[in-house]
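Hi,

Here is the structure I promised to pass on. Have a look at it first, and then read my notes below.

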Amino acid sequence: MIKTILLLIFEFMKTGLMAVGGGMACIRFLQDMIAKYGWLTGEELANIIAVAESTPGPIGVNAATYVGYSVLSQYGQAWALLGGVIATLSLIAPQIAVIVLVARGLEKYRSSKLVNDAFGALRPAAAGLVAAAGWSVIKASLSLSFVPFHVDPISLALYGVLVVLMLLPKLKKIHPVLFLAAGGLIGALLSL
Amino acid sequence: MLELYTTFMKIGAVMFGGGYSMLPLLMRELVDNKKWCTEEEVLDYFSLAQCTPGVIAINSATFVGYKRGKVLGGIVASLGVVTVPLIIITIIAAVLQNLMEYPLVQHIFAGVRVAVAALMTVTIVRLIKKAAKDWISWGIVIVAFLLLTVVGLDSVWLVLIAAAFGILVGRWKKA
């Protein structure tokens with residue numbers, strides 16, 4: 001158990017320090033760690049992301065708390081609680097340190113050619129990172145796998161309809177949480 | 001300090017769906033209500049928060065907290081943001097652990113997962129539109145995606161390689 005806690009601290013500090021691209025980029029790091037240690041399945045993580053998206057608070061923080069909770073839940077409720085706290089604090093600690101350093105040398109950081117050059121490539125790389133995170137969630141949510149070829153047709157249809165609806169300019173103002181609620185309702189009605 | 005904590009606790013409690021929804025909240029609380037920052041400062045912190053690793057909301061909070069109360073202020077503001085989400089998620093996780101056995105709950109989650117996949121797709125489309133402006137940035141988006149999904153590269157390495165690549169391209173352009 002001590003080993004799991006130490007791994008949790010290490011992995012979440014790594015995420016806070018390296019996940020360029022905000023909360024969605026953190027999701028990719030979570031996918032890496034659950035695959036590496038077998039902590040959760042892709043479907044379980046997709047559920048966690050669903051909860052993280054539909055509750056108040058930053059997605060990255062919500063997902064981190066939930067993953068920390070789930071990883072230690074096998075040792076009982078009290079440890080699970082602690083796991084959530086440990087994961088969250090490990091995620092934010094390196095971020096606070098980085099921001100304090102940046103805030104101290106604000107002008108230097110902003111005008112640094114090195115930083116600007118690095119971010120010239122980091123921005124598109126972060127978009128690729130988030131795309132990879134999304135791809136894993138899509139695969140887990142539509143039961144998509146290529147060998148053997150399998151996809152749930154109803155889920156795929158629902159997915160297509162929702163993407164089109166979300167891209168409609170007229171529906172842009174609708175809060176994303178309402179789409180998630182609609183998905184849940186349809187899931188219950190159709191017994192997905 | 002207490003005011004700093006409660007202000008960011010409030011922001012963390014009412015924000016929904018990630019860092020980008022935080023900007024209007026920051027404006028209202030910090031500029032209009034508390035008058036701690038100017039509008040320009042908030043915009044500046046927010047854009048810097050996106051150019052630093054990790055959760056954008058935590059980065060923005062630390063910037064403002066640091067400005068108000070140095071290192072301790074940064075820590076206090078960030079802890080404020082995570083307080084309410086930490087409690088809510090813990091409660092939900094504890095409740096769902098038992099509910100997940102029911103078929104109805106599983107069906108609901110199957111539907112919500114599909115909606116999350118759709119939501120992420122839309123987010124990704126917007127993100128790529130913003131990040132990919134020329135052929136080289138398009139190339140980076142595609143190569144990054146393929147390295148992660150097909151090759152199975154660890155995300156940490158992708159970030160390091162991208163940073164190094166950006167610096168090299170910067171040098172080469174100058175020369």
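Let's begin with a puzzle: what do the buried residues of helix 7 of chain B pack against? Keep that in mind while I introduce the helix. One thing before you start turning it around: this is a predicted model.

**Helix 7 of chain B**

This helix covers residues 155-174, so to speak a run of 20 residues. From its first C-alpha to its last it reaches 29 Å, which is close to the 28 Å expected at 1.5 Å a residue. Its buried residues are S155(B), L158(B), V159(B), A162(B), A163(B) and G166(B). If you look down the axis of helix 7 of chain B, those buried residues fall within an arc of 130°, so they line one face of the helix. That pattern is easier to follow with a bit of background: an α-helix has 3.6 residues a turn, so residues three or four places apart point the same way. Turned away from the buried side of helix 7 of chain B is a face with the exposed residues W157(B), L160(B), R171(B) and W172(B).

Now back to the puzzle. The partners of the buried residues are helix 1, helix 2 and helix 7 of chain A, along with helix 6 (135-151) of chain B.

**Chain A and where it meets chain B**

Chain A has nine helices and two strands. Reading from the N terminus, you pass α-α-α-α-α-α-α-β-β-α-α. Its C-alpha trace spans about 55 × 45 × 35 Å along the principal axes. Of the 192 residues in chain A, 54% are buried. Take the contacts in chain A with a separation of 6 or more: 55% of them are between residues 24 or more positions apart.

The contact between the chains takes 88 residues from chain A and 80 residues from chain B. Helix 7 of chain A gives the most to the side of chain A that touches chain B, with 22 residues. Sorted by class, that side of chain A has 57 nonpolar, 24 polar and seven charged residues.

**The domains of chain B and the core**

Chain B is divided into domain 1 (2-98) and domain 2 (133-175). Taken over C-alpha atoms, the centres of these two domains of chain B are separated by 30 Å.

Next, the largest nonpolar core, which has 119 residues. Which two residues touch the most other members? They are A63(A) and V116(B). Helix 4 (residues 56-99) of chain B supplies the largest share of this core, 17 residues. Both domain 1 and domain 2 of chain B put at least three residues each into this core.

Try clicking on A63(A). Apart from its neighbours within four places in sequence, A63(A) is in contact with C26(A), I27(A), L30(A), I48(A), I49(A) and A52(A).

**One last residue: T4(A)**

T4(A) sits in helix 1 of chain A. Is T4(A) buried, exposed or partly exposed? T4(A) has 16 other C-beta atoms within 10 Å, so it counts as partly exposed. With neighbours within four places in sequence left aside, T4(A) is in contact with V71(A) and L72(A). T4(A) and W39(A) are 35 residues apart in sequence, and their C-alpha atoms are 9.7 Å apart in space.

Have fun exploring!

Definitions and conventions: Residues numbered from 1 in each chain as written. Chains lettered and ligands numbered in written order. Predicted model: local features only at pLDDT ≥ 70, side-chain atom pairs only at ≥ 80, totals over all residues. Helix = DSSP H or I, 4+ residues; strand = E, 2+ residues; numbered from the N terminus. Buried ≥ 20, exposed ≤ 12 C-beta atoms within 10 Å, placed from the backbone. Contact = placed C-beta atoms within 7 Å. Nonpolar A, V, L, I, M, F, W, Y, C, P; charged D, E, K, R; others polar. Domains from an automatic or database assignment. Core = buried A, V, L, I, M, F, W, Y, C linked by C-beta atoms within 7 Å. Expected span 1.5 Å × (residues − 1). Arc of directions from axis to C-beta.
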